[in-house]
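Welcome, and thanks for taking a look at this one with us. Please open the model and keep it in view while you read.

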Amino acid sequence: MPRFLLLRLEAPLLAFGGEVVDARGVVTDFPGASLLTGLLANALGYRRGEGDRLQALQNRLVFAARLDRAGPRITDFQTAELDKDDRGWTTRGRPEGRAGGAGSYVGPHLRRRDYDCDVSCAVALRLTAAEAGPTLDDLAAALLHPARPLFLGRKPCLPSRPLLEADPARRIVEAGDLLEALVALPPADGGPTLRVMLPASEPDAPGDHVRPVTDERNWRSGVHGGHRLVRVRALARSGGPA
């Protein structure tokens, strides 16, 4: 029977990034393949330049997500004017500057970034070629003791709780499919209806909404592109159709 790693993503502010147009960074209701790849790779200690390792990890991910709770969506208006003398500290413990001439911008850099408040989202994922490295056990160990600080979408979005449950029996489970695996994580407190996102290849149900998502990244070039199909389903908290 397939094995699944279970995650609970919770934060006061969280950003499941969507398609960025111009200077507007939108968010979506569910985490995407590139977000989960970056999250797991950060825990494992992968570096951004390791495109082949990152691509291989993303290609192996098969996952579903369940939105248990979501608060209001807010928009942060950001403005900055930086030059090459500006320095910022990073999680690597040393300052990082900017390249360029006397000024990086002729005028202030303006942008808007959306965030969701008070989100709780459960994720069940498995890996194709399950015996290859990293395994689900490797991912679980890395999430318990990550190589670097973890964040959910953007660096200000720090988790408000561990990503894995305290009970080891609810970290990696055996289940017949993704939806069955998600049941092992009880829903967080929220409204009467749950929403689930599944790969389109999963068994369908009445009321499913099949739609394309562009949540994958070409880690060798750094460009997001292409699309895949998912099905979004509403469930009552008892587990039946909403």
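Here is a short briefing on the fold, the cysteines, the salt bridges and the strand pairing. Please bear in mind that this is a predicted model. The chain has four helices and 13 strands, and its 242 residues include a buried share of 40%.

**Overall picture**

- Among the contacts in the chain with a separation of 6 or more, 76% come from residues 24 or more positions apart.
- About 12,800 Å² of the chain is exposed, and 53% of that area is supplied by carbon and sulfur atoms.

**Cysteines**

- You will find zero disulfides in the structure.
- C117 takes part in no disulfide, as the nearest cysteine sulfur, which belongs to C157, lies 9.8 Å away.
- A sulfur pair has to be within 2.5 Å to count as a disulfide, so the 9.8 Å between the sulfurs of C117 and C157 does not qualify.
- C117 has a relative accessible area of 14% and is buried.
- C121 is buried too, with a relative accessible area of 0%.

**Salt bridges**

- Side chains that carry opposite charges can pair when their charged atoms come close.
- This structure holds 14 salt bridges, and three of them are described here, followed by a network.
- D29 and R73 form a salt bridge in which the closest N and O atoms are 2.9 Å apart. This pair links distant parts of the chain, 44 residues apart: D29 sits in the loop between β2 (24–25) and α1 (33–44), while R73 belongs to strand β4 (residues 73–80).
- Both partners of that bridge are partly exposed, D29 at 26% relative accessibility and R73 at 42%.
- D118 forms a salt bridge with R69, and here the closest N and O atoms are 3.3 Å apart. Again the pair links distant parts of the chain, with D118 in strand β7 (residues 109–127) and R69 in strand β3 (residues 61–69), 49 residues apart.
- D118 is partly exposed, with a relative accessible area of 39%, and R69 is partly exposed with 21%.
- R231 pairs with D208 in a salt bridge whose closest N and O atoms are 3.1 Å apart. R231 is in strand β13 (residues 228–236) and D208 is in the loop between β9 (193–199) and β10 (209–213), so this bridge ties together parts that are 23 residues apart in sequence.
- Are R231 and D208 buried or exposed? Both R231 and D208 are buried.
- One network joins R8, R66, D68, R161 and E165 through salt bridges that share partners.

**Strand pairing around β13**

- β13, the strand that holds R231, pairs with β9 and with β10.
- β9 and β13 run antiparallel and are joined by seven bridges. In this pairing, V196 stands opposite R233 in β13.
- β10 and β13 are also antiparallel, and their pairing covers five bridges. Here P212 stands opposite L229 in β13.
- The loop between β9 and β10 is the one that carries D208, the salt-bridge partner of R231. If you would like one place to begin in the viewer, you could select R231 and D208, the pair with N and O atoms 3.1 Å apart, and then follow β13 to its antiparallel partners β9 and β10.

Definitions and conventions: Residues are numbered from 1 along each chain as its sequence is written. This is a predicted model: local features need pLDDT of at least 70, side-chain atom pairs count only at pLDDT 80 or more; totals for chains, interfaces and linings use all residues. Side-chain values use heavy atoms; hydrogens and water are left out. Buried means under 20% relative accessible area, exposed over 50%, partly exposed in between (1.4 Å probe, protein chains only). Helices (H or I, at least four residues) and strands (E, at least two) are DSSP runs, numbered from the N terminus. Contact means heavy atoms within 4.5 Å. Accessible areas come from the Shrake-Rupley method with a 1.4 Å probe; for residues, only the protein chains shown count as cover. A salt bridge is a side-chain nitrogen of Lys or Arg within 4 Å of a carboxyl oxygen of Asp or Glu. Two strands pair if DSSP finds at least two bridges between them.
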